[in-house]
Amino acid sequence: MSLSRKRKKELRRLQEDANQLWENQQVLVGHAADVAREAGRQLGNFNREQVVPVVQDAYNRKVAPVVDQGVRFSRHVVDDKVVPIVGGVVGTALSAWDIANAKRQGIAPRSRVVVPEKKGPGLGSVIALVLGAAAAVGVLYAAWQALRADDELWVADDPLAAPDA
């Protein structure tokens, strides 16, 4: 297809305008990148000079005392409550372990723990007595049921005679 010279000239001019526009856009984007870079640098300076000191001052005045108080309280709880309890439990467990090892090896322990002697029957003895008594009552009841005088249960020695007709 052939174009007229007029159309070719218009297309060439349009292509030159498009190329010029592209070059202008590239320059504009370059300037925009420079402006954005400078704005970031200025924002960093502003942050360093204005924002950080204000935030740090507010933290030191309001947050740090509360955090320090919480740390002191938790340290108090751990040092005065948890550590003695855990220490007692661990100490008792280790003492029991040492005594068990000494008994296993036939060595007398260095310090004897005084265990009070039991006085009277323990819980196991009471339970055994109750179960034994219940079993005895059950056996006696079964014997009574088997041996009671029930007329229907006894069989007569003489066979019954047939009735006379």
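**Exercise 1. How many residues apart in helix 1 are Arg-7 and Glu-10, and what separation in helical turns does that give?**

Solution.
- This is a predicted model.
- Start with the contact. Arg-7 and Glu-10 form a salt bridge, with their closest N and O atoms 3.0 Å apart.
- Next, the spacing. The two residues are 3 apart in helix 1, so about one helical turn separates them.
- Add the general rule. An α-helix has 3.6 residues a turn, so residues three or four places apart point the same way.
- Finish with exposure. Arg-7 has 45% relative accessibility, so Arg-7 counts as partly exposed. Glu-10, at 36%, is also partly exposed.

**Exercise 2. Find how many salt bridges the whole structure holds, then work through two that involve Arg-37 and Arg-41.**

Solution.
- A search of the whole structure gives 4 salt bridges.
- Take Arg-37. Its side chain meets that of Asp-34 in a salt bridge of 2.9 Å, N to O.
- Check the spacing. Asp-34 and Arg-37 lie 3 residues apart in helix 1, which means about one helical turn between them.
- Check exposure. The cut-off for exposed is over 50% relative accessible area. Arg-37 reaches 56%, so Arg-37 counts as exposed. Asp-34 stands at 41%, so Asp-34 is partly exposed.
- Take Arg-41. Its partner is Glu-38, with the closest N and O atoms 2.6 Å apart.
- Check the spacing again. Arg-41 and Glu-38 are 3 residues apart in helix 1, so about one helical turn lies between them.
- Check exposure again. Arg-41 is partly exposed at 46%, and Glu-38 is partly exposed at 35%.

**Exercise 3. Compare the end-to-end distance of helix 1 with that of a straight helix, and locate a kink.**

Solution.
- Count residues. Helix 1 covers residues 5-105, which is 101 residues.
- Compare spans. The end C-alpha atoms are only 118 Å apart, while a straight helix would reach 150 Å at 1.5 Å a residue. Helix 1 falls short of the straight span.
- Locate a kink. A kink of about 40° lies at Val-63, shortly before the proline Pro-65.
- Look just past the helix. Gly-106 there takes a positive phi of about 80°.

**Exercise 4. Which residues make the nonpolar surface patch of about 470 Å², and is Val-90 buried, partly exposed or exposed?**

Solution.
- List the members. They are Val-78, Val-82, Val-83, Val-86, Val-90 and Leu-94.
- Place Val-90. This residue is found in helix 1.
- Classify Val-90. Its relative accessibility is 42%, so Val-90 counts as partly exposed.
- Contrast with burial. In helix 1, Ala-64, Asn-101 and Ala-102 are buried.
- Widen to the chain. Of its 165 residues, 2% count as buried. The accessible surface comes to about 15600 Å², and 63% of that belongs to carbon and sulfur atoms.

**Exercise 5. Count the helices and strands, then describe the aromatic pair of Tyr-141 and Trp-144.**

Solution.
- Count the elements. The chain has 2 helices and 0 strands.
- Search for aromatic pairs. The whole structure gives 1.
- Describe the pair. Tyr-141 and Trp-144 sit 6.0 Å apart, centre to centre, with 40° between the planes.
- Name the geometry. Planes under 30 degrees apart count as stacked and over 60 as edge-to-face, so the rest are tilted. The pair of Tyr-141 and Trp-144 is tilted.
- Explain the spacing. Tyr-141 and Trp-144 are 3 residues apart in helix 2 (residues 123-147), so about one helical turn separates them.

Terms used. Residues numbered from 1 in each chain as written. Predicted model: local features only at pLDDT ≥ 70, side-chain atom pairs only at ≥ 80, totals over all residues. Heavy atoms only, no water. Helix = DSSP H or I, 4+ residues; strand = E, 2+ residues; numbered from the N terminus. Expected span 1.5 Å × (residues − 1). Bend = angle between axes of the 7 residues up to and from the residue. Buried < 20%, exposed > 50% of the residue type's maximum accessible area, 1.4 Å probe, protein only. Areas by Shrake-Rupley, 256 points an atom, 1.4 Å probe, with all protein chains shown as cover. Phe/Tyr/Trp six-rings, centres within 6.5 Å; stacked < 30°, edge-to-face > 60°. Patch = residues over 30% accessible without salt bridge, like charges linked within 9 Å, V, L, I, M, F, W, Y side chains within 5 Å.
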